[in-house]
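Reader: Before accepting any label in this model, I would like to see each value set beside its definition. Could we go through the labels in that way?

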Amino acid sequence: MSKKSIYFNVLMKRKLETLKEYLYLLKQNKLTFAALIIILFLIIIAIIAPIIAPFPSHIYGSVNPQDKLLPPSQVYLFGTDEMGRDIFSRVLYGTRISLLASLTSVVMGLLIGVPLGLMAGFYSGFIDEIIMRIADMFLSFPPLLLAMAIAAFLGPSLQNAVIALIISWWPWYTRLVRGQVVSIKEREFVRAAHAIGTPSWQIMFKHILPNCISPVIVQASLDLGGIILTLAALSFLGLGAQAPIPEWGLIINTSRTYFLKAWWYGIFPGMAIFITVLCFNLLGDGLREVLDPKTKKY
Amino acid sequence: MLPFITRRLSLGILTIFGVILITFILVRVVPSDPAAQWVGGRATPQQVAAAREELGLDKPIYVQFERYIRDLLKGNLGYSLMTHQPVIEELKKRFPATLELVFISCIIAILIGLPLGLISAKDKNSWIDHFSRFFSIGAISIPTFWLALVLQLIFFMILGLLPSGGQLSMKIKLFQSVPHITGFVSLDSLITGNFAILKDFLKHLILPAICVGAYTIGLVARMTRSALLEILSEDYIKAARSYGLSERLILYSYALKNSLGPTVTAVTLAMGYALMNTFLVESVFSWPGIGKYIADAVVCLDYPAIMGVTILAACAYILLNLIADIIISLDPRVKL
Amino acid sequence: MSNYFEIKDLKINFETSEGIKNVININELNLHKGETLGVVGESGSGKSVLAMSILRILPSPPALIERGEVIFKGRDLLKLRENEIQKVRGKDISMIFQDPMSTLNPVFTVGQQIMNVVRHNKHLSKKNAEEEALKMIKLVKLPDAKNTLHKYPNELSGGQRQRVIIAIALSCGAELLIADEPTRNLDVTIQAGILKLINELKKELKITVLFIANNVNIVFIVSGRVAVLYRGKIIEVGTSQEIKRKPIHPYTRRLLGITPVDRKISNLIKADFKKEISSDDFACSYFCKCEKRMEICKKNSPTLTRVSNTHWVNCHRAINREVDNESSSISH
């Protein structure tokens with residue numbers, strides 16, 4: 001066997017062992033496992049929503065005024081809204097919006113925040129000061145407030161809400177990553193890489209980044225839930241998705257007007273938010289238990 | 001100690017400046033024309049131009065910024081487009097109600113959340129630990145505004161136990177003179193010994209307080225639990241056990257003292273979230289605070305009002321963080 | 001004849017992601033009153049687990065004590081209830097650990113830490129506790145005792161911290177001290193100081209010491225008797241002289257640097273490393289690395305064989321009386 005294939009074999013064996021370990025830990029935490037399954041289920045729902053929704057035309061298209069504000073029944077599982085639209089179908093479609101918006105926000109936030117954090121921690125000095133001062137300015141707003149202000153001033157819409165969320169979230173990752181980098185930077189292997197002449201960006205991305213990625217992964221999965229909550233809050237205030245987009249928070253907002261007449265209107269979208277966010281939180285927690293105490297192998 | 005405080009204070013001021021800068025940029029980003037907004041929809045171009053000049057919008061950017069800062073320092077936050085009253089007056093009127101709600105909710109939340117997190121960490125994997133973890137993770141997953149509607153549904157519409165909103169019922173407002181000493185209804189009624197008002201106030205407070213506090217309880221319980229678990233796994237706890245110290249002493253003396261930092265951080269963060277939750281909850285319960293004000297302002301796109309609340313809330317949060325930092329610096333490990 | 005301290009048939013397992021692993025499997029280990037017994041073992045041999053199991057401070061998942069007895073002055077410590085073992089800790093048996101920095105609580109001063117323990121265990125008043133703390137600081141030969149009491153752990157050096165820990169451990173009159181690698185994280189010169197201190201305190205306070213380390217030379221300095229721990233089993237026990245001059249077990253000889261590495265066994269080591277074969281496959285856990293292995297070692301577990309009154313070995317070579325007569329000089 002050539003040298004390269006022996007290396008590959010050993011590498012694959014190692015990776016398999018680590019995977020086995022993760023699965024073992026994951027299986028131990030049944031709640032996390034269940035949450036993961038539910039999330040996958042939700043993703044599938046989001047993808048096939050147009051197929052499984054009983055009244056797909058209700059989302060953006062026709063309106064059914066004679067069936068307005070009907071309580072839940074066999075036909076309309078969650079009842080209908082003031083325009084006669086099937087709430088169940090709208091909630092199903094809302095899954096797409098929430099999951100997609102949340103994923104976009106988190107991914108963009110990571111793409112902006114993580115490299116900035118790496119640079120701030122690695123180069124320190126002036127670059128560090130500038131990046132962290134800017135990040136601190138953004139972080140000094142209470143959560144949600146900055147997103148509210150940005151969304152208000154950009155003009156209420158779903159896209160602007162997502163932009164507002166990205167702008168509000170990236171500093172958290174920067175701060176998280178920078179803290180990690182600062183402590184990893186002093187470790188021997190970084191000095192060694194430097195001494196051999198590895199270019200800085202390679203040190204940052206190939207050596208330092210993999211070592212500080214775990215808390216970022218945990219935070220990102222928790223944020224997937226948190227952003228869904230914040231987006232719903234923005235829409236609830238009127239700053240996010242606008243009618244007729246079936247965003248969960250917006251539906252709840254609209255339901256307020258008909259609160260006395262149609263109790264079912266706002267209940268189900270809220271339940272959807274709750275379950276989704278709960279699962280992401282459980283997943284994030286489970287990931288934290290799996291990824292963090294690797295050192296505490298005692 | 002003093003140099004630390006001054007350094008931290010100057011950093012805080014710098015941060016506030018940054019906040020003002022950001023909010024100024026936001027205002028300039030507004031797609032609509034503030035001058036046209038100000039004079040209303042049916043104004044003539046001359047009126048709009050006159051308004052623009054009056055509002056100083058024709059001057060170069062740095063002049064505008066300078067004027068903006070000067071106005072802020074004078075306490076001038078502009079005029080609310082909704083009410084045409086000075087924003088600062090609107091805020092002054094409504095801030096006490098929000099402060100009261102946030103404060104009371106937070107106290108209750110901390111009184112519940114901290115012990116919950118503590119017991120959870122102490123008796124890890126016991127039934128109370130599982131219950132508390134489940135409860136706290138649920139509490140931070142629930143959308144606050146939805147919880148508000150659900151509670152209103154259950155307790156007002158179905159059970160008829162609690163009022164649907166407001167701070168005090170009409171009966172009280174019309175037939176009793178509500179004392180106005182500190183501006184805080186709870187304190188005022190306590191001071192004057194008017195328990196009827198106090199009772200009425202508390203009845204109105206429960207539901208909003210639960211909504212504001214729910215997330216807080218969950219957050220505080222979780223952060224306390226994880227901080228304490230980490231401390232309890234440290235070597236010095238193991239050593240203390242080997243010296244024969246009781247679990248009680250170890251927990252309340254050793255572990256707790258070490259958890260000052262994370263706990264204060266948790267509480268500060270929780271209060272920030274609580275403040276934000278009031279924005280969502282006040283309009284549902286018609287609580288007369290700045291939350292309702294900003295919720296209305298957002299709908300009408302009353303930019304000066306939005307600005308004013310943003311600056312106020314941000315400054316309050318920065319102040320809170322400053323106090324938290326000073327408390328944390330009391331930890332002997334922290335190098336000043 | 002009842003012993004002062006004895007461990008009988010102790011088996012401790014650990015839950016890991018690869019199943020349940022046996023970590024400690026000790027048939028017999030005794031301590032006589034007033035002696036210092038050194039336990040030598042490499043990393044992973046189970047030293048710390050052994051130390052912590054005596055005072056029952058092992059984290060219970062993942063550690064599982066399958067069976068065994070740890071008898072101290074007639075009482076089986078493993079069978080005591082939690083509040084009873086708590087009374088033993090610190091007052092009868094005390095322990096010092098490897099890392100002085102992490103063993104001290106960073107938010108309490110040195111004086112406070114001693115006082116906390118003393119007040120809790122001996123119910124002293126604050127004033128008496130202060131005097132006691134001062135006395136202990138002087139006992140461990142820390143200079144400028146009064147000021148040291150008010151210092152925080154991060155203001156002290158490594159050696160000073162270790163002395164503080166010794167002071168805390170002995171402050172309540174413990175008669176048995178378990179020292180779990182107390183000098184591992186210290187510079188060599190500081191090490192010498194701590195070892196000297198332990199020896200002196202032993203004579204002054206008349207305590208018994210169980211000294212655990214991975215460096216056999218250090219163990220010889222403080223201990224009268226030495227036990228060698230390999231993968232959770234005691235493979236050789238004897239006086240320091242006997243172990244130093246006439247080590248029998250091949251592992252002990254390797255530890256002392258006597259036996260050169262035999263090239264013939266290097267293949268076996270490679271196989272063990274690649275986890276193709278595991279030492280658990282053979283009856284003697286040292287089989288894979290042993291240059292004196294025999295057929296019988298594969299299937300038959302060696303038992304503790306007496307070589308002299310004080311010298312016992314767990315090896316088939318001793319059973320078969322095939323003791324090598326090589327000189328015990330260290331070769332390269």
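Reader: What makes the meeting of the side chains of B:R222 and A:D285 a salt bridge?

Author: A salt bridge is defined as a side-chain nitrogen of Lys or Arg within 4 Å of a carboxyl oxygen of Asp or Glu; the side chains of B:R222 and A:D285 meet at 2.8 Å, N to O, so the pair satisfies that definition. Across the interface of chain A and chain B, the rule finds one salt bridge. This is a predicted model, in which local features need pLDDT of at least 70 and side-chain atom pairs count only at pLDDT 80 or more, while totals for chains, interfaces and linings use all residues. Residues are numbered from 1 along each chain as its sequence is written, chains are lettered from A and ligands numbered from 1 in the order in which they are written, and side-chain values use heavy atoms, with hydrogens and water left out.

Reader: How many residues does the contact take from chain A and from chain B?

Author: With contact meaning heavy atoms within 4.5 Å, chain A gives 47 residues and chain B gives 48 residues.

Reader: Why is A:L260 called exposed?

Author: Exposed means over 50% relative accessible area, buried under 20% and partly exposed in between (1.4 Å probe, protein chains only); A:L260 has 63% relative accessibility and therefore counts as exposed. A:L260 lies in the loop between α10 (248-255) and α11 (264-291) of chain A, where helices are DSSP runs (H or I, at least four residues), numbered from the N terminus.

Conventions. Helices (H or I, at least four residues) and strands (E, at least two) are DSSP runs, numbered from the N terminus.
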